[in-house]
Amino acid sequence: MPDTPVFPPLSDADWPALADGMQDGFAGRLNVYRTMAHNPALLKAWAPLRQHVVLDNALGAQLSEVAILRTGVRLGSSYEWGQHVVRARACGMDDARIGSIRGPAEGMAPQDATIARGVDELFDQKRLSPAIQAALVDQVGTAGLFDVIATVGFYSTLGYILNSCDTPLDEDIVAELDARPLASEPDPADRKMPRS
């Protein structure tokens, strides 16, 4: 049986020529993109979609983080969870709200619950029901509904890469979470997420 391939985050010294210059932007700041750089054509193609899903979406910073965190939970991605606990805090979310995203929708604020139910339906049913579509359109508009779907798809792809490659959490995020753990977080020595 062949050995399992190992694709660690690429260093600047190993950076592929096809993605030249990208290490100075978003791609060089995070291990997930340094891992994706093993396929530099994919990394280059990823950049415009990332701009929309991460920065220019119709959800706003906090509801976008709710969708990303719930996606990370559903994928069992400790990397996505850790990275986005820090990002959620940076955009003004408190730890109780962040922690609630790991639990049942009934324990969340109503707006968060709508987003989480949408994420859950995409994982469980592979579609959004008419009721969730209506709730999302009411809450975030038609563009927001499509951005929830796109966010789940985008971060699912990242989660599959992260989980398949065992990509390590970035050192600055580990340091932040060690200094300020989320109250409901497991011990730092065991950052694995439960699989849904």
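These are my notebook entries on the cavities, a pocket, a helix contact and a salt bridge in a predicted model.

**Entry 1, enclosed space.** I began with the closed voids and found that the structure holds two cavities of 30 Å³ or more. I then turned to the largest cavity, for which I noted a volume of about 120 Å³. Its lining is made up of 13 residues, and those that lie nearest the centre are Leu 30, Val 32, His 84, Tyr 155 and Leu 158. By class, I counted eight nonpolar, two polar and three charged residues in the lining of this largest cavity.

**Entry 2, which helices supply the lining.** I looked up where the lining residues of the largest cavity come from, and α2 (31-36), α3 (40-55), α5 (78-90) and α8 (130-165) each give at least two of them. The largest share belongs to α5, with five residues.

**Entry 3, α5 against α8.** Since both helices had come up in the previous entry, I checked how they are placed. Their axes come within 9 Å and cross at roughly 125 degrees. An angle that lies outside the roughly perpendicular range of 65 to 115 degrees and is not over 145 counts as oblique, and α5 and α8 are therefore oblique to each other. On the α5 side the contact is made by Tyr 79, Glu 80, His 84 and Arg 87, while α8 contributes Tyr 155, Leu 158, Gly 159 and Leu 162. I sorted the residues of this contact into four nonpolar, two polar and two charged. His 84, Tyr 155 and Leu 158 take part in the contact and are also among the residues nearest the centre of the largest cavity.

**Entry 4, an open pocket.** I next examined the second largest pocket, whose volume is about 200 Å³. I listed its lining as Phe 26, Arg 29, Leu 30, Tyr 33, Arg 50, Gln 83, Arg 87, Asp 172 and Ile 173. The elements giving two or more residues to this lining are α1, α5 and α9 (171-179). The classes here are four nonpolar, one polar and four charged. Leu 30, which lines this pocket, had already appeared near the centre of the largest cavity, and Arg 87, also in the pocket lining, belongs to the α5 side of the contact with α8.

**Entry 5, salt bridges.** Searching the whole structure, I obtained 10 salt bridges. I looked up one of them in detail, in which the side chains of Asp 12 and Arg 34 meet at 2.8 Å, N to O. Asp 12 is in the segment before α1 (26-29) and Arg 34 is in helix α2, so the pair ties together parts 22 residues apart in sequence.

Note on methods:
Residues numbered from 1 in each chain as written. Predicted model: local features only at pLDDT ≥ 70, side-chain atom pairs only at ≥ 80, totals over all residues. Heavy atoms only, no water. 1 Å grid on protein atoms, 1.4 Å probe; cavity = no way out; pocket = protein on both sides within 12 Å on 5 of 7 lines; lining within 4 Å. Points joined across faces, edges and corners; volume = space filled by probe spheres on them. Nonpolar A, V, L, I, M, F, W, Y, C, P; charged D, E, K, R; others polar. Axes fitted to C-alpha atoms, helices over the stretch in contact; angles between N-to-C directions. Parallel < 35°, antiparallel > 145°, perpendicular 65-115°, else oblique. Contact = heavy atoms within 4.5 Å. Salt bridge = Lys/Arg side-chain N within 4 Å of Asp/Glu carboxyl O.
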